Amino acid sequence: MKKSITLKELAKILDVSASTVSKALNDSYEISEATKKKVEEAAKRYNYRPNRAALNLKSGKTNTIGVVLPSIKDFFLVRALRGIESVLADTDYNIIITVTNESFEKEVKAVETLVNGLVDGIIIAVTEETQIKQDFKHLSDISESIDLLMFDRVDNPVECDKVLVNDFEAVQKAVRHLKFKGASSVALVSSNKNLSDENTRLLGYLEAIKDNQDPLIVKGNEMYIENELHVLFDEEKVDGIIALDEEASLAAFRTASKRKLLEDRKLLMIGYAGTKISEHLKPSLSTVDQHGKRVGRTTAKQLLDKLNKESKTNKVTVVYSSLCERATTQTIINPL
């Protein structure tokens, strides 16, 4: 790789002052067009690159946004990241992405690193461990000079901009849709993540069934879910399932498929899973679409408004989910 040179070295080559070089590269009106062109050509030829750290100190801005994610295995978070990137790509802002793998310690270190002069703003979805600990001091203590926006997992006392999904209403409507299609006994299935959004979804389920049935809740790892569902199916206690996350959705789908309940239209099911997965299952799986890319785009635009001083107060925005109906609910069981 070609070695870069300093501003002073470039000025010496051109036999002008360092100030002239700096002004020329910053398109100052004080410098003639001929000199600007000469400086730009030399900068390119000799591989001059401005000292970004020095510029940041001078301007007080880094033109960089940090994005802290708990996982890149979650289809929703991946879609949200794409939405964030699509918005920032049309701006002068750079992006630093950190993945914490659901670790509180890694999240704290990531935030500390970013606030140490690297970014103007931070977008974060907190980890499962952070929510369990209910320790948000590393976020509450962020300097006012750095704008913070939390998305998805936002049930916490941190005062900042937030973007969330209407999990309560989304699950409530999904369960009612199963009931409308003929399910008389709907079970909730979850991989038992300790996340605020899953707790909110649980409340939506309880609200939807309160007048019709007792709660049927299966929470645990995939093997536990499969074993418990086999028991419920043996006892013919379930003809509808709402699964709250991808692991639970796939575990429930596998169990129902083994017993041909979905093929025989004896069971209706709605889950949370990515489009590529849900469309290619047989039968295809109806899902709650959280519109992850829209969440990401909304998140990025809201933070940019704050950075550009277009918004002065903390704002909470809700992005509404929708039901994407596929084969697992495109029928009516127990017809009148």
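Student: What makes β7-β6-β8-β9-β10-β12 a sheet, and which kind of pairing does it have?
Tutor: Strands here are DSSP E runs of at least two residues, and helices are H or I runs of at least four, numbered from the N terminus. Two strands pair if DSSP finds at least two bridges between them. On that basis, 6 strands join in that order as an open sheet with mixed pairing. β7 (217–219) and β12 (322–324) are the edges: each has a single partner strand, so one side of each lacks a neighbour in the sheet. Strand-to-strand twist averages 20 degrees, with axes fitted to C-alpha atoms (for helices, over the stretch in contact) and angles running from 0 to 180 degrees between N-to-C directions.

Keep in mind that this is a predicted model: local features need pLDDT of at least 70, side-chain atom pairs count only at pLDDT 80 or more, and totals for chains, interfaces and linings use all residues. Residues are numbered from 1 along each chain as its sequence is written, and side-chain values use heavy atoms, leaving out hydrogens and water.

Student: How do you know that β8 and β9 pair?
Tutor: β8 (residues 240–243) and β9 (residues 268–271) share 3 bridges in the parallel sense, and the cut-off is at least two, so they count as a pair. I242 sits opposite I270 in β9.

Student: What makes α12 a helix that packs on the sheet?
Tutor: Contact means heavy atoms within 4.5 Å. α12 (residues 246–258) touches β6, β8 and β9, and its direction makes about 160 degrees with that of β9.

Student: Why is M269 called buried?
Tutor: Buried means under 20% relative accessible area, exposed means over 50%, and partly exposed is in between (1.4 Å probe, protein chains only). M269, in strand β9, has 0%, so it is buried. Its contacts beyond four places in sequence include I241, A252 and F253.

Student: And why is C324 called partly exposed?
Tutor: Its relative accessible area is 27%, which falls between the two limits, so the label fits. C160, at 7%, is buried.

Student: How many disulfides does the structure hold?
Tutor: 0. A disulfide would need a pair of cysteine sulfur atoms within 2.5 Å.

Student: What makes a set of residues a nonpolar core?
Tutor: They're buried Ala, Val, Leu, Ile, Met, Phe, Trp, Tyr and Cys residues joined through side-chain atoms within 4.5 Å. The largest has 42 residues, with Y205, L229, I241 and I242 making the most contacts inside it. Elements giving it two or more residues include α10, β8 and β9. A second, separate core of 23 residues includes I65 and L149.
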